[in-house]
Amino acid sequence: MNIVRLWPLGVLAALTAVFAVLNLSLSARHGTLAMPPIYDDVGYLLDSARRMTIERGDSVVGLVQSFLNRPPHAPLSTLLAMTGYAVFGHHVWAPYALNATVLLAYTVLMYFVARKQQATTLQSLLITFILLYPPVVHAIVTEFRPDIAAGMIFAAAIYLLIQADLTKIGGAPRIAVALVCAFAVVAKPSAFVVTVPMLGASLLISVACLGHQWRAGIRPALGLVGIALVVLVPYVIIWGRQVYEYVYQVFVTNSDVWRTGGTHFYHAIYHSFGDGGAHALGLFVPIGLATILADLVMSFKRNFDRRVAAFYIVIAVTYAGMSTAGDKSAYQGAFFYMPFLLAICVSIARLAANLTGIGRWALIAIAGIVAITAPPATTFTYANRYPNAKAMAAELVDYTERELSRCGYRAATIVGIAPYPVTPDAIALQLMLEKGADMSVQQPFLVRDLDHMISVAMSSDFILLPNSWGREISSYLPGTQFVDDVRARVMETGEWSSFRPNVEDPPEILSRTNCKRL
């Protein structure tokens, strides 16, 4: 093996390490790691901790049994978190540290796509460097949820499908493309409403790009589908029902809860020039649109590449489809943001290759400007937006631990009537990681019936009630309206005691005085 040819991989690893450390540091000082973990991160962290400490998923057999008995919502995220705990120990920060591997995958993807588009080694490294600055890329490290990694795999899948010459691809490359497509669906199962149609469209486009030879591409295309189904069919059998139930409650049962307000125009621009795009991409929205447009204009003058144009079109259609969705967030938008960043990579690489020497110097100038003006570390979640949450969590964990010891509980259940200022999952996670406590969590945030809510609360060992701030920001959740009623009904039994942390505007936790679970 020629060591000289491997130096770009060393540069990619170094870039990944620098950006990962900078973003982990920011998170530890001001972001997610400077506060108790919140949703959705804490759900994946707790699920993985339970599998490692309680369900003995730290062996291959134990892991398989755990996944079969209790299929995780996002299996790749669960595996990543479990690996983080296994490598770095039972610390909340461990899964976030392992996010560096996802960032490495991103840098490698950008580099090799740039090289595929005929950019030189130096140009490809500069393009990769530039594309490490969008805030959504930093969120790969600072957040722990499947959306962004799944968006990256989805971007790679549609690119590979459209670029593949189906009459020539075979053997290992065909299997690899099919597996990337399968993992694009599995990485975020509930996003199948986006991934499956667009992957199907990309495959059809790949066949159409063969022109008059399109019939020769049908059999290889079906072969790709068959290989992907080898992964997806067992997954659908095991996970299908819970994915359907989750999607149904989001789009039907609780659509009023998750619907994002705003006009049609607000929704139309949300992921570009609106709140989501500004939050996740910033200046890379106009930069990307400019480079893609410039590439299309130049390609019409020189060598038009129908596959590249088709890739751009698929991303535009993805954006249009996501704009019609009622619920929006910068996390869900990753299924547009990551393909869009890959399109920027393609367009800049093609422009650089066509401009030759001028392109190289232009890229160096752009890289320098980005490095000077853009922050290399950002976060979607800032701890100062959750006042006193860290101090509250510390006292709540200490109190819960004392009660567990006093009652001799080997297992206990904690119910959260609202998700903030401290999630019940964060308390359970801390006790599980540090003490191995078997803490189950119930989250009846979406319960709309008072009797049902009281029944859930009464069947627990601990009840976590929000403070006034937590109640206010969680008011869109129907269960929050029952906080006072639940507290009154529980306390009138005389079987519960109350604890409030010694901070301003504290939450409240209730525990059984006589340690007897009803």
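Trainee: What does Asp-305 count as, going by its relative accessibility?
Mentor: Keep in mind that this is a predicted model: local features need pLDDT of at least 70, side-chain atom pairs count only at pLDDT 80 or more, and totals for chains, interfaces and linings use all residues. Residues are numbered from 1 along each chain as its sequence is written, and side-chain values use heavy atoms, leaving out hydrogens and water. Buried means under 20% relative accessible area, exposed means over 50%, and partly exposed is in between (1.4 Å probe, protein chains only). Asp-305 has 26% relative accessibility, so it counts as partly exposed.

Trainee: Which side chain meets Asp-305 in a salt bridge, and how many residues apart is the pair?
Mentor: A salt bridge here is a side-chain nitrogen of Lys or Arg within 4 Å of a carboxyl oxygen of Asp or Glu. At 3.9 Å, N to O, the partner is Arg-350. Arg-350 belongs to helix H17 (residues 334-373), while Asp-305 sits in the loop between helix H15 (284-301) and helix H16 (306-323), so the bridge ties together parts of the sequence separated by 45 residues.

Trainee: Is Arg-350 buried or exposed?
Mentor: Its relative accessible area is 9%. Since buried covers everything under 20%, Arg-350 is buried.

Trainee: Where in the chain is Arg-70, the salt-bridge partner of Asp-47?
Mentor: The two side chains meet at 2.7 Å, N to O. Asp-47 is in helix H2 (residues 41-53), 23 residues away from its partner; helices are DSSP runs of H or I with at least four residues and strands are E runs of at least two, numbered from the N terminus. Arg-70 lies in the loop between helix H3 (60-69) and helix H4 (75-88).

Trainee: What about Arg-500: which residue meets it in a salt bridge?
Mentor: Arg-500 counts as partly exposed at 44% relative accessibility. Its partner is buried, with a relative accessible area of 3%. The side chains come to 3.1 Å, N to O, and that partner is Glu-508.

Trainee: Which strands stand at the edges of the sheet?
Mentor: Five strands form an open, mixed sheet in the order S2-S1-S3-S5-S4; two strands pair if DSSP finds at least two bridges between them. Each edge strand has a single partner strand, so one side of it is left without a neighbour in the sheet; these are S2 (438-442) and S4 (496-499).

Trainee: Which residue in S3 is the bridge partner of Ile-414?
Mentor: Strand S1 (residues 411-416) and strand S3 (residues 462-465) run parallel, joined by three bridges. In S3, Ile-414 has as its bridge partner Phe-462.
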